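Okay, thanks for making time, everyone. Could we get the model up on the screen?

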Amino acid sequence: MKTLLQSVKLLLVMTFLLGGVYPLVVTNLGAWVFPTQSSGLLLEDNGSVIGSELIGQNFSKEGYFIARPSAAGDDGYDALSSSGSNLAPTNKLLLDRINASKEALHVRFGEGDIPSDLVMSSGSGLDPHISKLAALYQVNTLAKVRHVDNVQMLELVNQHIERKFLGFIGEERVNVLLLNRALDKNFGVLNP
């Protein structure tokens, strides 16, 4: 009985420390040391939040870079329903969706090799980045739509390329939300 009582006391103390005190300390320390990161790297425009650097969004409007497809939620990009499609590579639904995406991309951006990340969703369905290749694939069409020289559009993309971590880990990538904000800042907001 004495051992049981000691076990229950230890459980209560550890629950209080590790389930209450520790999370409060870490959360407050994070908010103090990294205030913007701990609040989700939210981006504001005219006082209203337009998105987060950490979560992908659907950009379907002409004249903007498109993000990779999302399988998170019914309409995609649902942060409360983060997941991949979990469809096998041979699944007809997945193959049909990829083929439909390829056709839509060819209509919008013309012929050419389509980077895989523009037709396949990420594991979370919320990846805010596309590959450098996917951004470059869209440059010529967006330059035409925005009536901008291709070189200017290419320079803008190159300014927003995030390099490999430590120079060799991962791939070069572009945050689509930040790049689209830069489009509006440098070349003006497109009319709806």
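I'll go through the domains, the cavity and then some salt bridges.

Quick housekeeping: this is a predicted model, so local features need pLDDT of at least 70 and side-chain atom pairs count only at pLDDT 80 or more, while totals for chains, interfaces and linings use all residues. Residues are numbered from 1 along each chain as its sequence is written, and side-chain values use heavy atoms, with hydrogens and water left out.

Domains, then. The chain splits into domain 1 (1–39) and domain 2 (40–187), with bounds that come from an automatic or database domain assignment. Their C-alpha centres sit 39 Å apart.

Now the cavity. We get 1 of 30 Å³ or more; a cavity here is a set of points on a 1 Å grid over the protein atoms alone where a 1.4 Å probe fits but cannot get out, and lining residues have an atom within 4 Å of a point. The largest one holds about 40 Å³, where volume is the space filled by probe spheres set on the points, and points are joined across faces, edges and corners. Its lining includes Ser 52, Phe 59, Pro 128 and Leu 177. By class that lining is 6 nonpolar, 4 polar and no charged residues, with Ala, Val, Leu, Ile, Met, Phe, Trp, Tyr, Cys and Pro counted as nonpolar, Asp, Glu, Lys and Arg as charged, and the others, Gly among them, as polar.

On to salt bridges: there are 7, each a side-chain nitrogen of Lys or Arg within 4 Å of a carboxyl oxygen of Asp or Glu.

Asp 127 pairs with Arg 68 at 3.6 Å, N to O. Asp 127 is in the loop between α3 (92–109) and β3 (129–131) and Arg 68 in the loop between β2 (48–52) and α3, so the bridge ties together parts 59 residues apart in sequence. Helices (H or I, at least four residues) and strands (E, at least two) are DSSP runs, numbered from the N terminus. Arg 68 is buried at 15% relative accessible area, whereas Asp 127 is partly exposed at 23%; buried means under 20%, exposed over 50%, partly exposed in between (1.4 Å probe, protein chains only).

Next, Asp 184 and Arg 146, closest N and O atoms 3.0 Å apart. Asp 184 belongs to helix α6 (residues 176–187) and Arg 146 to the loop between α4 (132–145) and α5 (150–159), so this one links parts 38 residues apart in sequence. Arg 146 is buried at 7%.

Last, Glu 172 meets Arg 163 at 3.1 Å between the closest N and O atoms, and bridges with shared partners join Lys 132, Arg 163 and Glu 172 into one network.

Technical notes:
On a 1 Å grid over the protein atoms alone, a cavity is a set of points where a 1.4 Å probe fits but cannot get out, and a pocket is an open set with protein on both sides within 12 Å along at least five of seven lines; lining residues have an atom within 4 Å of a point.
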